[in-house]
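Visitor: Please take me through one part of this model at close range. I would like the packing of one helix pair, and then how a few single residues sit elsewhere in the chain.

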Amino acid sequence: MPTTDSCQLTTKDHAILEVMRERHPSRGEILSAILDRKISSAVVMFRDDVPATVVTLSSRVAYRVNDGPAETRIVAHDEMRGLVGMLLPITNPRGLALLGLAEGESMSIPTADGGLETLSVHEVVYQPETARRERLKLAGAAAPGSSRSAGPVLRVVHRSDEMQDQAADKNIAAFDTGFDDPGPSAA
């Protein structure tokens, strides 16, 4: 698998990495180095243009560390409760390294013990941008053949002031019984 220094990021993912770098410049030597590499080498694109084979935030990805067995995780913005063992946040060097890589690409990153490990993207099992495009494609295919319109039908109903005044007079007359006792609180 080719090791790459470039990556493909959606505009949203790139903005999140920029904010990470601005807010936490001393997050850690390893994470900062990976973050700088990602931002400086990124090809930034709109979510509709990112290939289905690229790891984006919230993608489910099958990857390998060195020559180990494939693991599947969801690359996430940050840690989330309830999904223990399923997420790989980008606040973790491995999650950050995988973000923006395409199937077949890999990236070597330093480890805490001073060594190097290589992360390789085996498969992007699910990517939210591709799922969104598929939903829109299905919705677009269903629209021409359906009898329902794409949006709500608005109908403007206009009543003249004279009709409104007559209706208001009828409502007042319905409640006017001629009895004007102020009740017990007036005593």
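Guide: What follows starts with the whole chain, moves to the helix pair and ends with single residues. The model is predicted.

The protein chain holds 5 helices and 7 strands. Read from the N terminus, the order is β-α-α-β-β-β-β-α-β-β-α-α. The chain has 187 residues, and 29% of them are buried. Take the contacts between residues at least 6 apart in sequence: 60% of these join residues at least 24 apart.

Now the helix pair. Two packed helices are described by the angle between their axes and the distance between the axes. Helix 1 covers residues 11–23, and helix 2 covers residues 29–41. Their packing angle is about 140°, and their axes lie 10 Å apart. Helix 1 is therefore oblique to helix 2. The cut-off matters here, because only angles over 145 degrees count as roughly antiparallel. The crossing of helix 1 past helix 2 is left-handed. On the helix 1 side, the contact is made by His14, Leu17, Glu18, Met20 and Arg21. Helix 2 supplies Leu35, Asp36, Lys38 and Ile39. Sorted by class, this contact of helix 1 with helix 2 has 4 nonpolar, 1 polar and 4 charged residues.

Leu35 deserves its own look. This residue sits in helix 2. Leu35 has a relative accessible area of 4%, so it counts as buried. Setting aside neighbours within four places in sequence, Leu35 is in contact with Leu17, Met20, Arg21 and Leu96. Of these partners, Leu17, Met20 and Arg21 also belong to the helix 1 side of the contact. Leu35 and Met20 are 15 residues apart along the chain, and their C-alpha atoms are separated by 8.4 Å.

Next, the strands. Ile74 lies in strand 4, which spans residues 71–76. Its relative accessible area is 16%, so Ile74 is buried. Beyond residues up to four places away in sequence, Ile74 touches Ser58, Ser59, Arg60, Met86, Leu87 and Leu88. Ile74 and Val125 are 51 residues apart along the chain, yet 9.5 Å separates their C-alpha atoms.

One of the partners of Ile74 is Ser58. Ser58 is placed in the loop between strand 2 (42–45) and strand 3 (60–65). Its phi is near 75°, a positive value in a residue other than glycine. Ser58 has 42% relative accessibility, so it counts as partly exposed.

Asn66 also has a positive phi, about 55°, although it is not a glycine. This residue sits in the loop between strand 3 and strand 4. Asn66 is partly exposed, at a relative accessible area of 40%.

Asn66 leads on to Glu117, which touches it. Glu117 lies in strand 7, residues 116–126. With a relative accessible area of 11%, Glu117 is buried. The side chains of Glu117 and Arg94 are joined by a polar contact of 2.9 Å. Leaving out residues up to four places away in sequence, Glu117 touches Val65, Asn66, Arg94, Met107, Ser108, Ile109 and Thr111.

Terms used:
Residues are numbered from 1 along each chain as its sequence is written. This is a predicted model: local features need pLDDT of at least 70, side-chain atom pairs count only at pLDDT 80 or more; totals for chains, interfaces and linings use all residues. Side-chain values use heavy atoms; hydrogens and water are left out. Axes are lines fitted to C-alpha atoms, for helices over the stretch in contact, and angles run from 0 to 180 degrees between N-to-C directions. Helices (H or I, at least four residues) and strands (E, at least two) are DSSP runs, numbered from the N terminus. Angles under 35 degrees count as roughly parallel, over 145 as roughly antiparallel, 65 to 115 as roughly perpendicular and the rest as oblique. A crossing is left-handed if the near helix is turned anticlockwise from the far one by less than a right angle, and right-handed if clockwise. Contact means heavy atoms within 4.5 Å. Ala, Val, Leu, Ile, Met, Phe, Trp, Tyr, Cys and Pro count as nonpolar, Asp, Glu, Lys and Arg as charged, and the others, Gly among them, as polar. Buried means under 20% relative accessible area, exposed over 50%, partly exposed in between (1.4 Å probe, protein chains only). A polar contact is a pair of N or O atoms within 3.5 Å; within protein, one must be able to donate a hydrogen and the other to accept it, and residues adjacent in sequence count only if both atoms are side-chain atoms.
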